[in-house]
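Reader: I am new to this structure and would like a close look at a single part of it, the set of links that join side chains to one another. Please take me through them slowly.

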Amino acid sequence: DTLVNRVVLNRETMQPLLSMHSKKVLKGILICLLFMVTTLIYNLTSLNYTLVQEPQSPKTHVGFLKTHKTGSSTTSLILGRYAFKMNASVALEGGPGGTGNLCYPKLFRPHCLFDKTTQVYDMFISHAIFDDNVRRLIPEDAIWTTILREPLNLYRSMFTFFGWGRKFKTDFEGFARNFTRYARKFRGGKFHVWYDLNLPGRNFQVETAINQLEQLFDLIMITEQFEESLAILSLMLNARPQEFVSIKDYNKKKHVKYSEDVENELRTLIRAGDPSYAALYDYFNERLSDKVANDFSEITRRRDIISELNDYWTQRCRVIQQSNFSSPVSPDVEYCEMLGWSYKQMVNTLRKRQL
């Protein structure tokens with residue numbers, strides 16, 4: 001009986017250990033299989049992308065004015081990686097880095113730059129109040145672009161990012177339903193898109209603003225048409241769409257979503273509270289749709305390449321990350337590390353390149 005009890009006890013003690021070991025082995029096998037499958041998918045589909053020839057002379061003179069809570073950090077990271085590959089110089093902030101601000105929210109002055117000896121750079125990808133001093137940082141032939149976001153999505157993101165819930169002691173629905181009252185407390189309007197674009201106050205004249213922006217910018221990107229915007233930008237720069245890839249951040253905090261009826265009601269309230277910006281967004285959203293329609297075949301082809309590669313590299317890099325980047329150093333591992341750059345990592349990497 002004693003021997004039997006010992007055997008039973010040993011089996012009962014070992015079972016959890018064997019189970020844990022089996023789970024680890026199974027997880028390792030699944031990661032390896034997923035890695036192999038994504039490699040196979042990429043090899044099968046990459047034939048389409050290799051047919052996109054390397055352009056003879058991709059342009060590197062580009063200015064991107066960041067705007068708050070529009071997806072502009074993602075765009076800056078994409079263009080920062082493009083600058084790194086093309087060995088292009090970038091006007092970068094001084095100090096610790098990582099904010100993406102050049103003197104912002106004050107007017108730009110040269111003392112805010114990291115490199116104070118260079119007079120003209122190839123690229124600009126930062127936050128600044130847009131004026132002639134900013135424009136003169138890059139060549140006159142540069143392509144200038146910025147980005148706008150649908151009003152409800154914009155304010156929802158600002159509400160979360162700036163902690164307005166704690167400040168105003170309300171949730172986003174309460175904020176939207178009392179928008180006019182809370183709008184007076186936005187620190188003088190700083191950090192709003194119209195402030196970034198140097199437009200004259202919240203209630204700017206829409207027609208005047210549209211004319212001004214069309215003269216200053218070659219492309220107004222739209223967050224809700226992000227991949228189409230990147231496709232158009234890649235075409236304007238004569239660059240391969242493969243250079244405009246980004247990966248999804250699954251750890252990013254999700255915003256609260258309401259029912260469709262409530263969403264539409266809040267959208268109407270926000271638009272009524274900020275009609276000038278809503279009209280500005282609507283105009284340039286339609287303009288971007290027109291650009292897509294005017295060159296539908298080429299733009300949608302480029303958009304599809306960007307979209308498919310975004311999905312592929314998101315999955316591929318998740319697998320590599322789950323293996324703790326322990327696989328042998330390969331172009332895929334290095335590329336995933338680059339795709340995973342934070343804004344500060346990008347700035348520091350470009351700084352070292354330009355020293």
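Author: What follows starts with the chain as a whole and then turns to the disulfides, the salt bridges and the core.

This is a predicted model, in which local features need pLDDT of at least 70 and side-chain atom pairs count only at pLDDT 80 or more, while totals for chains, interfaces and linings use all residues. Residues are numbered from 1 along each chain as its sequence is written, and side-chain values use heavy atoms, with hydrogens and water left out.

The protein chain holds 15 helices and 5 strands, where helices (H or I, at least four residues) and strands (E, at least two) are DSSP runs numbered from the N terminus. Of its 355 residues, 45% count as buried, a word that stands for under 20% relative accessible area, with exposed meaning over 50% and partly exposed in between (1.4 Å probe, protein chains only).

The search of the whole structure finds 2 disulfides, each being a pair of cysteine sulfur atoms within 2.5 Å. One of them joins Cys-103 to Cys-112, with an S to S distance of 1.7 Å; this link is right-handed, with 105° about the S-S bond, and both Cys-103 and Cys-112 are buried. The other joins Cys-317 to Cys-336 at 2.1 Å from S to S, and with -85° about the S-S bond the link of Cys-317 and Cys-336 is left-handed. That pair links distant parts of the chain, with Cys-317 in helix H13 (residues 296–322) and Cys-336 in helix H14 (residues 331–339), 19 residues apart. Both Cys-317 and Cys-336 are buried.

Salt bridges come to 14, counted where a side-chain nitrogen of Lys or Arg lies within 4 Å of a carboxyl oxygen of Asp or Glu. Side chains of opposite charge can pair when their charged atoms come close. Arg-287 and Glu-214 meet in such a bridge, 3.3 Å from N to O, and the two link distant parts of the chain, since Arg-287 is in helix H12 and Glu-214 in helix H9 (residues 206–216), 73 residues apart. Arg-287 is partly exposed, with a relative accessible area of 33%, and Glu-214 is partly exposed at 32%.

A salt bridge also joins Arg-271 and Asp-282, at 2.8 Å from N to O; Arg-271 lies in helix H11 (residues 260–273) and Asp-282 in helix H12, so this pair ties together parts that are 11 residues apart in sequence. Within helix H13, Arg-301 and Glu-298 lie 3 residues apart, about one turn of the helix, and form a salt bridge whose closest N and O atoms are 2.7 Å apart. Lys-85, Arg-240 and Glu-243 are linked in a network of salt bridges.

Helix H12 also leads to the interior. The largest nonpolar core has 84 residues, and Leu-148 and Leu-280 are among those with the most contacts inside it; such a core is a set of buried Ala, Val, Leu, Ile, Met, Phe, Trp, Tyr and Cys residues joined through side-chain atoms within 4.5 Å. Helix H12 (residues 275–294) gives the most to this core, with 6 residues. Apart from it lies another core, of 10 residues, among them Val-245, Tyr-312, Cys-317 and Val-333. Leaving aside neighbours within four places in sequence, Leu-148 is in contact with residues including Leu-280, Tyr-281 and Phe-284, contact meaning heavy atoms within 4.5 Å.
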